[in-house]
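Visitor: I am new to this structure and would like a close look at a single part of it, the salt bridges. Please take me through them and then through the parts around them.

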Amino acid sequence: MKSFALCESATGYIWNCFLYTGKEMTDGFALDMHKYKYQATKIVITLMDNLIGNGYCLHVDNWYTSYEICKVLLDHNTDCIGTLRINRAQLPQDIKNAKIKTGDTLVRFDTKTNIMCTKWKDKKDVHMLSTCVQNDTVVVNRAGKEKNIPLVIHEYNKNMGGVDRSDQMLTTYESERKRVKNWYKKIFMHLISVSAFNANIINNKISPNMTSLQFRESIIKESIVKYHESVEKKRSRTRVLPSPLRLVERHFVDAIPATEKNIKPCRRCVVCSENKVRSDTRYMCVDCNVGLCVVPCLSITIQKKTLKVFVNN
């Protein structure tokens, strides 16, 4: 399955995406598509449907970049930077045919639209189209050595990584199974993964330092706790009550530590207090930090899954 995605450059947040359904795909395309020559232009305009005209800068690779897409985005108050295939139409012939030395740069401007075409020689020729970056150079550190490169190359390298970042994270925790033969099931699981990935990015804005794995594990635990149901065995009077929290929750009873004023301190048992019975105990649950009778209140708390039920009440 092949999909087209529009991602935020810093975090990889997937803003919009749709599936490739063939060369003649038309369903879902935005705006008036019959006037555009390249299919890549139609795809970009569709992905940018809700963002176009708001002053954003789009970074694309050489499959999407063309003079047409730069002109269309400029007409809608949106900038564009992208690597370029040299066989694209409407490009200056001297840019195509020029042979330059390593480190040299050749630049041409379209005076009507202010679109800049750049040719830079590194290990091989690099061609760029830009609508917002000036013809300047910047010093970067490569392998411990300082090197002058065009500003448009630097801006592209700095911001062209959102799609790669999202693909890397989705592949790391892939939920699709190779043995699933139904394509729509794979698409559904892929959309679940995309939703979890985006939710993790939003969650990190509120409570940072949670990894993608930790976030996914928290979703699984909360889903089990909220949606689990009691199961009763067939042909048996024994009722099985699965307790997902018992897989992660443990209660360790220990003596209440002594203080300077009281060598043998006591606390009220939370289970007895819940039953409106006053009972002092010399023991406590270490994790929950509440008083607890060893017998029979400890077994009662295990049946009720957690002491936090009493604490919250």
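Which residues are linked in a network of salt bridges?

Guide: The network of salt bridges links K119, K121 and D125. Before going further, note that this is a predicted model. The mean pLDDT of the protein is 81, and 85% of its residues reach 70 or more. Residues 306-313 have a pLDDT below 50, although in the model this stretch has 19 contacts beyond near neighbours in sequence. Where pLDDT is low, the predicted coordinates should not be read in detail.

The structure holds seven salt bridges. Three pairs can be described one by one, beginning with a pair inside a helix.

The side chains of K71 and D75 meet with a nitrogen-to-oxygen distance of 3.0 Å. Both residues belong to helix α2, and they are four residues apart, about one turn of the helix. An α-helix has 3.6 residues a turn, so residues three or four places apart point the same way. In terms of cover, K71 is partly exposed, its relative accessible area being 30%, while D75 counts as exposed at 53%, because the cut-off for exposed is over 50%.

The next pair is R108 and D94, whose side chains form a salt bridge at 2.6 Å, N to O. This pair links distant parts of the chain: R108 sits in strand β5 (residues 105-109) and D94 in helix α3 (residues 93-97), 14 residues apart. R108 is partly exposed at 32% relative accessibility, and D94 is partly exposed with a relative accessible area of 32%.

In the third pair, the side chains of R142 and D122 meet at 3.5 Å, N to O. R142 is in strand β8, and D122 is in the loop between β6 (116-121) and β7 (125-130), so this salt bridge ties together parts that are 20 residues apart in sequence. R142 counts as partly exposed, at 31% relative accessibility.

R142 leads on to the strands. Strand β8 (residues 137-142) pairs with strand β9 (residues 145-150) over six bridges, in the antiparallel sense. Within this pairing, V138 stands opposite I149. The two strands form a hairpin with two residues between them, and A143 in the turn has a positive phi of about 55°.

Another hairpin is made by β1 and β2. Five bridges join these antiparallel strands, and F4 stands opposite F18 in β2. Six residues lie between the two strands, and G12 takes a positive phi near 85°. In a regular strand the side chains alternate between the two faces of the sheet.

Helix α1 (residues 39-47) packs against this hairpin. Seven of the nine residues of α1 are buried, namely A40, T41, I43, V44, I45, T46 and L47. These buried residues pack against β1 (3-7) and β2 (14-19), and also against β3 and α2, the helix that holds K71 and D75.

Y64 belongs to this neighbourhood too, in the loop between β3 (57-60) and α2 (67-75). Leaving aside residues up to four places away in sequence, Y64 touches F4, A40, I43, V44, I69 and R88. Y64 is buried because its relative accessible area is 17%, and the cut-off for buried is under 20%. The C-alpha atom of Y64 is separated by 8.8 Å from that of T83, which is 19 residues away along the chain.

A further set of strands forms an open sheet in the order β12-β15-β16, with antiparallel pairing. Its edge strands, β12 (253-255) and β16 (290-291), each pair on one side only. Two bridges join β15 (residues 283-285) to β16, and M284 stands opposite G291.

On the surface there is also a nonpolar patch, formed by M1, L19, W183 and Y184, with about 510 Å² of accessible area together. Y184 is part of helix α6 (residues 183-206) and is partly exposed, at a relative accessible area of 48%.

To return to the request, the salt bridges described here occur within one helix, as with K71 and D75 in α2, or between distant parts of the chain, as with R108 and D94.

Note on methods:
Residues numbered from 1 in each chain as written. Predicted model: local features only at pLDDT ≥ 70, side-chain atom pairs only at ≥ 80, totals over all residues. Heavy atoms only, no water. Patch = residues over 30% accessible without salt bridge, like charges linked within 9 Å, V, L, I, M, F, W, Y side chains within 5 Å. Areas by Shrake-Rupley, 256 points an atom, 1.4 Å probe, with all protein chains shown as cover. Salt bridge = Lys/Arg side-chain N within 4 Å of Asp/Glu carboxyl O. Buried < 20%, exposed > 50% of the residue type's maximum accessible area, 1.4 Å probe, protein only. Contact = heavy atoms within 4.5 Å. pLDDT = per-residue confidence, 0-100. Pairing = 2+ DSSP bridges.
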